[in-house]
Amino acid sequence: MKARRVLTLLALAPLAMQAQAASVRCHIIYGGEHFTVDAAPTDDPYRATGSKIGRYFEFKPVYVDRATTGKAVKVYVYGMATGQPVLIHAATHSPPFAGTQEGRGFTGFHAVYEPTKSSELQYWCEHLP
């Protein structure tokens, strides 16, 4: 039984390593609930997908790491009130990502409002070394 646990842990180790590879974590507050969304470095930012947050928002952090243009973290928030994504917030952050603005990561604290429903989404992102 004990050997089975050890083998299971060894089998899951690569997954844990992948989880640690996520180098940007965004903390989101919406409707009194807390969410986290991770973004791993990518050289193909157009394949990044967003995460649905509640009924009215989609949140998409993209950690771009390209040899030609360098690194940047882009954060997109879409309003989903009509059922189709409408970009309502876009922010680009350049290195260094290690700074903390009042304990709210390198982005600082943001509040984004969906214009037709007056819903508010709050977020901040940190860099995970």
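**Group meeting talk: strands, a hairpin and two salt bridges**

Let me start with one pair of strands. Strand 1, residues 24-30, and strand 2 run antiparallel and are joined by seven bridges. One of these contacts in the ladder can be named: Tyr 30 has Glu 33 of strand 2 as its bridge partner. Please keep in mind that this is a predicted model, and that the values I quote are computed from it.

Now the whole chain. How many helices and strands does the protein chain have? The secondary structure comes to one helix and nine strands. The helix is at the start of the pattern, which reads α-β-β-β-β-β-β-β-β-β along the sequence. The protein chain has 129 residues, and 34% of them count as buried. Among contacts with a separation of 6 or more, 36% are between residues 24 or more positions apart.

A word on confidence. The mean pLDDT of the protein chain is 86, and 83% of its residues reach 70 or more. There is a stretch to treat with care: over residues 6-19 the pLDDT stays under 50. For that stretch the model has zero contacts beyond four places in sequence. I will say nothing further about those residues.

Back to strands 1 and 2, and the sheet they belong to. For those new to the topic, strands of a sheet pair through backbone hydrogen bonds, either parallel or antiparallel. Here, four strands make an open sheet in the order 2-1-9-8, and the pairing is antiparallel. Which strands stand at the edges? They are strand 2, residues 33-39, and strand 8, residues 110-114. Each of these two has a single partner strand, so one side of each is left without a neighbour in the sheet. On average, neighbouring strands of this sheet are turned by 25° against each other, direction ignored.

Strands 1 and 2 also share a salt bridge. The side chains of Asp 38 and Arg 25 meet at 2.7 Å, N to O. Asp 38 is in strand 2 and Arg 25 is in strand 1, and the two are 13 residues apart. Both ends are partly exposed: Asp 38 has a relative accessible area of 36%, and Arg 25 has 28%.

The count of salt bridges comes to two. The other pair is Arg 47 with Asp 44, again listed at 2.7 Å, N to O. Arg 47 is exposed, at 69% relative accessibility, whereas Asp 44 is partly exposed, at 27%.

Next, a charged residue without such a partner. Glu 58 is in strand 5, residues 57-66. Glu 58 is buried yet has no salt bridge. What is the nearest side chain of opposite charge to Glu 58, and how far away is it? That side chain is Lys 60, at 5.9 Å. A salt bridge needs a nitrogen within 4 Å of a carboxyl oxygen, so a pair at that distance does not count. Leaving out residues up to four places away in sequence, Glu 58 touches several residues, including Gly 50, Ile 53, Tyr 76 and Met 80.

Now the hairpin. Strand 6, residues 70-79, and strand 7, residues 86-93, pair in the antiparallel sense over seven bridges. Val 75 has Ala 91 of strand 7 as its bridge partner. Six residues stand between the two strands of this hairpin, and Gly 83 in the turn has a positive phi of about 95°.

After the hairpin comes a loop, between strand 7 and strand 8, and Pro 96 lies in it. Is the peptide bond from Pro 95 to Pro 96 cis or trans? That bond is cis, with omega near 5°.

My last stop is a pair of serines. Ser 118 lies in the loop between strand 8 and strand 9, and Ser 119 is found in strand 9. Phi of Ser 118 is near 55°, a positive value in a residue other than glycine. Are these two serines buried or exposed? Ser 118 is exposed, with a relative accessible area of 62%. Ser 119 has 12% relative accessibility and counts as buried, because the cut-off for buried is under 20%. Ser 119 touches Tyr 30, Tyr 56, Phe 57, Val 112, Tyr 113 and Glu 114, not counting residues up to four places away in sequence. Tyr 30 takes us back to where I began, as the bridge partner of Glu 33.

That is all from me.

How values were computed:
Residues numbered from 1 in each chain as written. Predicted model: local features only at pLDDT ≥ 70, side-chain atom pairs only at ≥ 80, totals over all residues. Heavy atoms only, no water. Pairing = 2+ DSSP bridges. Axes fitted to C-alpha atoms, helices over the stretch in contact; angles between N-to-C directions. Buried < 20%, exposed > 50% of the residue type's maximum accessible area, 1.4 Å probe, protein only. Lys, Arg positive; Asp, Glu negative; His and termini not counted. Contact = heavy atoms within 4.5 Å. pLDDT = per-residue confidence, 0-100.
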